[in-house]
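Trainee: Hi! Could you walk me through this one? I'd like to start with how far to trust it.

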Amino acid sequence: MPNDEIKTTGSTSSQQATTIIPTTLTAEELAEQKRLAMIAMEGAEGREKREAQERKVEEEKKKSTLSAEKTEIMKKMGELNVEKEKLELHWIQLNQQKAPMDANLGPIIADEIKVEKEEEDTNKLEHSTVDITEKHNLEAKRWEIEERRKKIEEDRWKIEEEIKKISAIIEETGASYRAILAKEDESQKKLDEINKFLAVYGE
């Protein structure tokens, strides 16, 4: 008898049988055939028990998957919180560097306006004066005022450039912080969904 057939031997009273496993089936095909055989023979009560057990196994598998995902999300949120704190401290440091520059810039701008007015008045007076000696004196004064104005402008430019650099870094820091907040919000939504599913399973 070929190996791919099922052969039974033994007495009728003992109902003993020897089964020859079909060699033409792969392991996967044999497993599927056994599943179909089980379904065909188990009966209504057996089917109910089997399906209940399958549901339980599937629920446990789902719970395990969700719990692992929840742990991973909470770990990620912890890492995001650390990154947020670093950016907050960095912002404080940058703001502390920028604050005195902002404070110094105001008086410098006020001095520049004052000197520009003084230069304008001196220039007008110089052009309206006919006395040669007085005109020379006013011209020398105007040169001195121009030098002071140039020095004030240079000081203002230096401070404004530093403020600009720090402000750019502050803006980059803020953008990075907002990106983390978006990731944090996304993670929290996923966590809420997972907790909702786990609540169904009594977790």
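Mentor: Happy to. Start with pLDDT, the predictor's confidence in each residue, from 0 to 100. This is a predicted model, where local features need pLDDT of at least 70 and side-chain atom pairs count only at pLDDT 80 or more, while totals for chains, interfaces and linings use all residues. Residues are numbered from 1 along each chain as its sequence is written, and side-chain values use heavy atoms, with hydrogens and water left out.

Trainee: What does the protein chain average in pLDDT?

Mentor: The average is 84, and 86% of the residues score at least 70.

Trainee: And where does pLDDT stay under 50?

Mentor: Over residues 1-17, for which the model has 21 contacts beyond four places in sequence. Contact means heavy atoms within 4.5 Å. Where pLDDT is low, the predicted coordinates should not be read in detail.

Trainee: Got it. How many helices and strands are there?

Mentor: Two helices and zero strands. Both kinds are DSSP runs numbered from the N terminus: helices are H or I with at least four residues, strands are E with at least two. Helix 1 covers residues 27-128, and helix 2 covers residues 132-200.

Trainee: What share of the contacts joins residues at least 24 apart?

Mentor: In the protein chain it is 67%, among contacts between residues at least 6 apart in sequence. Asn 95 and Ile 166 illustrate a long separation: they are 71 residues apart in sequence and 8.2 Å apart in space, C-alpha to C-alpha. Ser 167 and Asn 95 are 72 residues apart in sequence, with 8.7 Å between their C-alpha atoms.

Trainee: Is Asn 95 buried or exposed?

Mentor: Partly exposed, because its relative accessibility is 32%. Buried means under 20% relative accessible area, exposed over 50%, and partly exposed in between (1.4 Å probe, protein chains only). Ser 167 in helix 2 also counts as partly exposed, since its value is 28%.

Trainee: Switching to charged residues, what's Lys 98 in contact with?

Mentor: Leaving aside neighbours within four places in sequence, Lys 98 is in contact with Ile 163, Ile 166, Ser 167 and Ile 170. Lys 98 lies in helix 1 and is buried because its relative accessible area is 18%. Its side chain also makes a polar contact of 2.8 Å with the side chain of Asp 102. A polar contact is a pair of N or O atoms within 3.5 Å; within protein, one must be able to donate a hydrogen and the other to accept it, and residues adjacent in sequence count only if both atoms are side-chain atoms.

Trainee: And which residues does Arg 156 touch?

Mentor: Not counting residues up to four places away, Arg 156 touches Leu 105, Ile 108, Ile 109 and Glu 112. Arg 156 sits in helix 2 and counts as buried because it has 16% relative accessibility.

Trainee: Where is Glu 171?

Mentor: In helix 2. Glu 171 is partly exposed, because its relative accessible area is 48%, and a 3.2 Å polar contact joins its side chain to that of Arg 178.

Trainee: Last one: which ring does the charged end of Lys 62 sit over?

Mentor: The ring of Phe 197, at 5.9 Å from its centre. A charge sits over a ring if NZ of Lys or CZ of Arg is within 6 Å of the ring centre and within 35 degrees of the ring normal.
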